[in-house]
Amino acid sequence: MRPLTPLAALAALAALAALATVTACGGSPAADTAAGKGDGPKGAKGTVTVRIPDPGNSGVLALGKKDGSLDEALAAVGAKVAWTGSAGPFAPAAQAMNADQLDIATGSITSGITSLSQSPGFAFFTATDPDPVGEGILVREGSDIASVKDLVGRKVAVNKGGTGEYLLLKALAGAGIPADKVERVYLRPDQTAAVFNAGQVDAWAVWSTYAVAEIGSGKARFLADGTAIGSDNYSLNAVRSKFAEEHPEVVKALYAYLHENSAKEKKDPAAYLNVFTDAGPTAVNGKAKEVQIAFTAKAGTVDPIGPEDVKRFETVARFYADQKVTPNKVDIAAHLLDVEKLS
């Protein structure tokens, strides 16, 4: 199995209030053009506009936005980017794609499955292996929780149907603990830190976007990380189905850009942090920066979806159905694209 990492580019500024942000951006001039208003999807000069959530201050797309390399790569296939809203959890982004307000988004296989259990208008075209060290179950430093078994009778914050709920349920299953022995507290990820640090929950199942700050502050540690949990929580890139059908060359070019530059990011993680500013709430500094660099260096690249990946996707879909997170097993294979065969 190739070593891969979640694509930091589209997850740097997570905000679950993003549904309002992402959908609101449908009223912007760039979004109107891409959505078929104004001059239509190809614009006045036949240029295809691809709507992507703004990457914020870190990652492959942030650097590509700043140095113009992404514009150059897409111009080669007659396309340009309209930065739309801000990157965040996949569920609101999936709704935006379904509503023809967004063309590309990144999310976990777990949140992808819950979104596919509804009426999807998107498909996945890349896979990034589960994060071995950047996701897991956080506990506060000094906590008496020393193992997953110690979570029995405790409260654990999770995002419903997404990475957090999956990581907790997977960890409990691995330890032979019935899910109902631990209280799941459903919270928005961007609102959980204050609750966690105030001691209102005993643990927090979360991914690197939020874990970096907590671990970097010295106030928290992983009780179990992705490797210990045995996570199959891939990061995936999704494309609006109609866009992929009409502009496969653009999807393929975007994949090639992400693949090449995520390999560069792995080799030099620091170059992809604090792209636009090294101050303020979007900057990563001090110990948190060291933590982020270490996480990224142990991760990998964006790749096509292979047969071995699909098997693991199916395992997650079956697990979610067994755990009653989804009413039935989602047929995820029906919503996958072979990016190397697009033409």
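Two strands pair if DSSP finds at least two bridges between them, and strands (E, at least two residues), like helices (H or I, at least four residues), are DSSP runs numbered from the N terminus. The exercises below concern a predicted model, in which local features need pLDDT of at least 70 and side-chain atom pairs count only at pLDDT 80 or more, while totals for chains, interfaces and linings use all residues. Residues are numbered from 1 along each chain as its sequence is written, and side-chain values use heavy atoms, with hydrogens and water left out.

**Exercise 1.** Work out the order of the strands in the open sheet of five strands, and find its edge strands.

*Solution.* Reading across the sheet, the order is 7-6-8-5-9, and the pairing is mixed. The edge strands, each of which pairs on one side only, are strand 7 (183-186) and strand 9 (220-225). At the strand 9 edge, strand 5 (residues 136-140) is joined to strand 9 by five bridges in the antiparallel sense, and Gly 136 has Asp 225 as its bridge partner there.

**Exercise 2.** Decide whether strand 10 (residues 235-240) is enclosed or open, and find the strands that are joined to it.

*Solution.* Begin with burial, where buried means under 20% relative accessible area, exposed over 50% and partly exposed in between (1.4 Å probe, protein chains only). Six of the six residues of strand 10 are buried, so this strand is largely enclosed by the rest of the structure. Next, take the two faces: Ser 235, Asn 237 and Val 239 are buried on one side, and Leu 236, Ala 238 and Arg 240 are buried on the other. Finally, look at the pairing, in which strand 3 (residues 104-108) runs antiparallel to strand 10 with five bridges, and strand 4 (residues 122-128) runs antiparallel to strand 10 with six. Asn 237 stands opposite Thr 106, and Asn 237 is also the bridge partner of Thr 126.

**Exercise 3.** Identify the residues that touch the most other members of the largest nonpolar core, and follow the contacts of Phe 124.

*Solution.* A nonpolar core is a set of buried Ala, Val, Leu, Ile, Met, Phe, Trp, Tyr and Cys residues joined through side-chain atoms within 4.5 Å. The largest one holds 47 residues, of which Phe 124, Ile 137, Val 148, Leu 151, Leu 168 and Phe 313 touch the most other members. Helix 7 (residues 163-174) supplies the largest share of this core, six residues. Another core, of 24 residues, lies apart from it and includes Val 239, Phe 243, Val 251 and Tyr 272. With contact taken as heavy atoms within 4.5 Å, and leaving aside neighbours within four places in sequence, Phe 124 touches residues including Phe 90, Leu 236, Asn 237, Ala 238 and His 335.

**Exercise 4.** Describe the surroundings of helix 9 (residues 208-216), and then classify the ring pair of Trp 204 and Tyr 210.

*Solution.* Helix 9 is mostly covered, with seven of its nine residues buried, among them Tyr 210, Val 212 and Ile 215. These buried residues pack against strand 5, helix 8 (192-197), strand 8 (203-206), strand 9 and helix 13 (286-297). For the rings, the rule is that those of Phe, Tyr and Trp (its six-membered ring) pair if their centres lie within 6.5 Å, and planes under 30 degrees apart count as stacked, over 60 as edge-to-face and the rest as tilted. The centres of Trp 204 and Tyr 210 are 6.2 Å apart and their planes lie at 40°, so the pair is tilted. Both residues are buried, and Phe 196, Trp 204, Trp 207 and Tyr 210 form one aromatic cluster.
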